[in-house]
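This report describes the fold, the interior and several local features of the protein chain displayed below. The reader may wish to keep the sequence and the model in view throughout.

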Amino acid sequence: MSGRLWRNAVSIAGTAIALGVSGCTQSVDGHAAEPPNPRISFHPCDGFPEEAIVTARLNASPPDRMPERHNPQVYGCGYQSPDSYSGVVISAIAETFSSVESSDRFTVLSETTIGGRPALVADFRGGSACTVSVAIEPGILEFMIGYSELEDFTTVDAACDQATKVATTLAPYFPDHL
């Protein structure tokens, strides 16, 4: 292949790859396509200093690093309370704030601001956990605490109060970007 043909082939392949990676605004059937999920790099097991974890009344020993999930991308981390058998799962999730608001997985109980950022306090599907979802581009930082008559927190209100306290205590350490 001559040099000129090679440059043209490389140019066409590069353009095709760029179009494929950047995505389209329409799917093949003519309907609007879903935008690609954003990528995140913040991991809550690594993102908070030990003194912040202790101040939030969580055990500073190595947390439970949960397997990374995809679609959407999720980095999760479980911290135990040194005072009880309860704990909190903190997750960085590549999901938009509005998708949490409109999801049938949650019953939004209130909207608030934590660390100057919008936050949703919600009951997770089926009444098993409270989630506090804080908007941090390009996704959310979620604080989840379970509740049941067998746990330290027996009501959604008690679990949500504690999840909000943990999120508020850690707010000065929130990243600028997930």
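Read along the sequence, the elements of the protein chain succeed one another in the pattern α-α-β-β-β-α-β-β-β-β-α. The count is four helices and seven strands. The model is a predicted one, and the average pLDDT of the protein chain is 82, with 79% of the residues scoring at least 70.

**Confidence and overall character**

Which part of the chain has a pLDDT that stays under 50? That part is residues 1–27, for which the model has eight contacts beyond four places in sequence. Where pLDDT is low, the predicted coordinates should not be read in detail.

The protein chain has 178 residues, of which 36% count as buried. The accessible surface amounts to about 10500 Å², and carbon and sulfur atoms account for 54% of that area. Among contacts between residues at least 6 apart in sequence, 47% join residues at least 24 apart.

**Helix α4 and its buried face**

Helix α4 comprises 15 residues, from 156 to 170. From its first C-alpha to its last, α4 reaches 21 Å, close to the 21 Å expected at 1.5 Å a residue. The buried residues of α4 are V156, A159, C160, A163, V166, A167 and L170. Seen down the axis of α4, these buried residues fall within an arc of 125°, so they line one face of the helix. The general geometry is helpful here: an α-helix has 3.6 residues a turn, so residues three or four places apart point the same way.

What covers the buried residues of α4? The cover includes the helix α2 (50–55) together with β3 (87–93), β4 (106–114), β5 (117–124), β6 (129–136) and β7 (139–146).

**The nonpolar cores**

The largest nonpolar core has 37 residues, and the members that touch the most other members are L141, F143, L170 and F174. Two or more residues of this core come from each of α2, β2 (74–80), β3, β5, β6, β7 and α4. The element that gives the most is α4, with seven residues. Apart from this core lies another, of nine residues, including I93, F97, F106 and A135.

L170 belongs both to the buried residues of α4 and to the members of the largest core that touch the most others. Leaving aside neighbours within four places in sequence, L170 is in contact with F48, A52, I53, A56, I90 and F143. F143, one of these partners, is likewise listed among the core members that touch the most others.

**Cis peptide bonds and positive phi values**

Two cis peptide bonds may be set side by side.

| Cis peptide bond | Omega | Place of the proline |
|---|---|---|
| N71 and P72 | about 0° | P72: loop between β1 (64–65) and β2 |
| E137 and P138 | about 0° | P138: loop between β6 and β7 |

N71 has a further feature: its phi is near 60°, a positive value in a residue other than glycine. N71 lies in the loop between β1 and β2. Is N71 buried or exposed? At 67% relative accessibility, N71 counts as exposed.

R57 also has a positive phi, of about 60°, although it is not a glycine. R57 is found in the loop between α2 and β1. With a relative accessible area of 53%, R57 is exposed.

**Buried loop residues**

Two residues located in loops are buried. A94 lies in the loop between β3 and α3 (97–102). The relative accessible area of A94 is 1%, and A94 therefore counts as buried, the limit being under 20%. Between A94 and I140, which are 46 residues apart along the chain, the C-alpha atoms are separated by 6.7 Å.

S103 occupies the loop between α3 and β4. With a relative accessible area of 14%, S103 is buried. S103 and R125 are 22 residues apart in sequence, and their C-alpha atoms are 9.8 Å apart in space.

Terms used. Residues numbered from 1 in each chain as written. Predicted model: local features only at pLDDT ≥ 70, side-chain atom pairs only at ≥ 80, totals over all residues. Heavy atoms only, no water. Expected span 1.5 Å × (residues − 1). Buried < 20%, exposed > 50% of the residue type's maximum accessible area, 1.4 Å probe, protein only. Arc of directions from axis to C-beta. Contact = heavy atoms within 4.5 Å. Areas by Shrake-Rupley, 256 points an atom, 1.4 Å probe, with all protein chains shown as cover. pLDDT = per-residue confidence, 0-100. Core = buried A, V, L, I, M, F, W, Y, C linked by side-chain atoms within 4.5 Å.
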